[in-house]
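The following note is offered as a reading aid for a first-year colleague. Please keep the sequence and the model in view while working through the points.

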Amino acid sequence: MIFIKAIRNRLTSNTFPSNPLLNCHDLILLRKLADKYNFILIVDDTISNFANTDLISTGIADVVCTSLTKLMNGRGDAMGGSMVINPNTPKGQWMMEDMKTHHKCDLYSSDAIALYRNSEDFLERSTKINETSEALADWFHTHPDLSRVYYPKFTQPDLYNRFLNTSCTGHKPGYGGLISIILGSHMCQRTFYDSLGVYKGPSLGTNFTLVCPYTLLAHYHELEFVRAYNVSPNLIRIAVGLEEYDTLKDRFEKAFDISRLHPKLKPAAATRNIQQQRGYCTVSLAGRQRSASASINAISWQLKHQIRIMW
């Protein structure tokens with residue numbers, strides 16, 4: 001679908017990684033297609049952030065767009081965005097010349113001041129969030145109360161790791177601060193969300209952890225549509241902040257404990273004979289049909305036999 005849209009519009013844009021499933025497009029393949037079919041490749045790296053992934057010097061993207069409202073700012077008190085044009089690609093070189101003539105910066109001055117001041121410790125905050133998020137995701141990955149965890153380390157690490165930015169001084173690259181989870185069927189979704197002791201909201205990249213029922217907020221009127229792309233209505237998105245790992249783990253564990261409707265059940269394949277073990281009489285649908293047919297035949301024979309005797 002991305003490729004067809006790119007051919008028609010002569011450009012394509014995608015997020016890296018995707019929101020909320022944290023999947024990664026094969027950007028090397030997209031770069032080859034962009035060169036072959038002459039379209040512009042635009043990548044939004046807000047979720048990974050440009051301290052973690054390098055899509056410019058690698059020559060992958062013609063343009064990298066970033067929401068500066070998110071982690072770059074951190075405090076959630078200013079709005080802004082950036083568009084970095086790649087001088088290493090032919091399309092990027094053309095766009096740089098065009099921007100000199102046609103671009104006008106209309107960023108509000110107070111937002112610009114706030115973004116500048118708040119971003120002074122951006123690399124330090126990004127490193128901290130990377131470490132906490134990975135530790136939290138590792139814990140989630142084996143947690144019995146979760147049925148699915150979405151995080152670049154587990155979704156498509158090979159496609160993500162090839163663009164890790166190892167040249168950013170004073171920063172340890174990682175997988176970013178976004179994690180999506182789906183609770184197990186034995187968990188109460190509403191109780192978990194309401195009892196989880198973190199802030200609730202639809203943004204990301206703040207210095208404090210934010211959680212939201214992403215699918216219900218963003219796609220409430222098109223749930224069947226997003227389900228076709230494997231996005232569950234019950235998906236919960238977590239944007240990790242600067243809290244300590246132990247603090248967040250404790251808050252999530254308390255929410256897990258409160259939300260269990262019943263103990264987690266074993267997979268159906270492991271319990272298929274439990275009725276027989278308890279002495280229950282169970283038959284399949286086909287067996288029930290055969291049993292019903294046999295009963296009808298028996299009743300029919302008895303009626304005929306009785307009629308013969310009476311006659």
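1. Confidence. The protein chain has an average pLDDT of 88 (the predictor's confidence in each residue, from 0 to 100), and 83% of its residues score at least 70. Over residues 276-284 the pLDDT falls below 50, and this stretch has 4 contacts (heavy atoms within 4.5 Å) beyond near neighbours in sequence. Residues 306-311 also stay under 50, with 0 contacts beyond four places in sequence. Where pLDDT is low, the predicted coordinates should not be read in detail.

2. Basis of the values. This is a predicted model, in which local features need pLDDT of at least 70 and side-chain atom pairs count only at pLDDT 80 or more, while totals for chains, interfaces and linings use all residues. Residues are numbered from 1 along each chain as its sequence is written, and side-chain values use heavy atoms, with hydrogens and water left out.

3. The sheet. An open sheet of mixed pairing is formed by 5 strands (DSSP runs of E, at least two residues, numbered from the N terminus) in the order β5-β6-β9-β8-β7. Because β5 (146-150) and β7 (199-200) stand at the edges with a single partner strand each, one side of each has no neighbour in the sheet. Strands count as paired if DSSP finds at least two bridges between them; β5 and β6 (residues 178-183) are antiparallel over 4 bridges. Within this pair, Tyr150 has Ser180 of β6 as its bridge partner.

4. The second largest pocket. A pocket is an open set of points on a 1 Å grid over the protein atoms alone, with protein on both sides within 12 Å along at least five of seven lines; a cavity is a set where a 1.4 Å probe fits but cannot get out, and lining residues have an atom within 4 Å of a point. The second largest pocket holds about 280 Å³ of space. Its lining comprises 15 residues, with Gly81, Ser82, Met83, Cys105 and Leu107 nearest the centre. The largest share of this lining, 4 residues, is supplied by β4.

5. The cavities. There are 2 cavities of 30 Å³ or more. The largest cavity contains about 130 Å³, and among its 13 lining residues Ile47, Leu71, Gly177, Leu204 and Gly205 are closest to the centre. The second largest cavity contains about 50 Å³; its lining includes Thr46, Lys70, Leu71 and Phe122. Each volume is the space filled by probe spheres set on grid points joined across faces, edges and corners.
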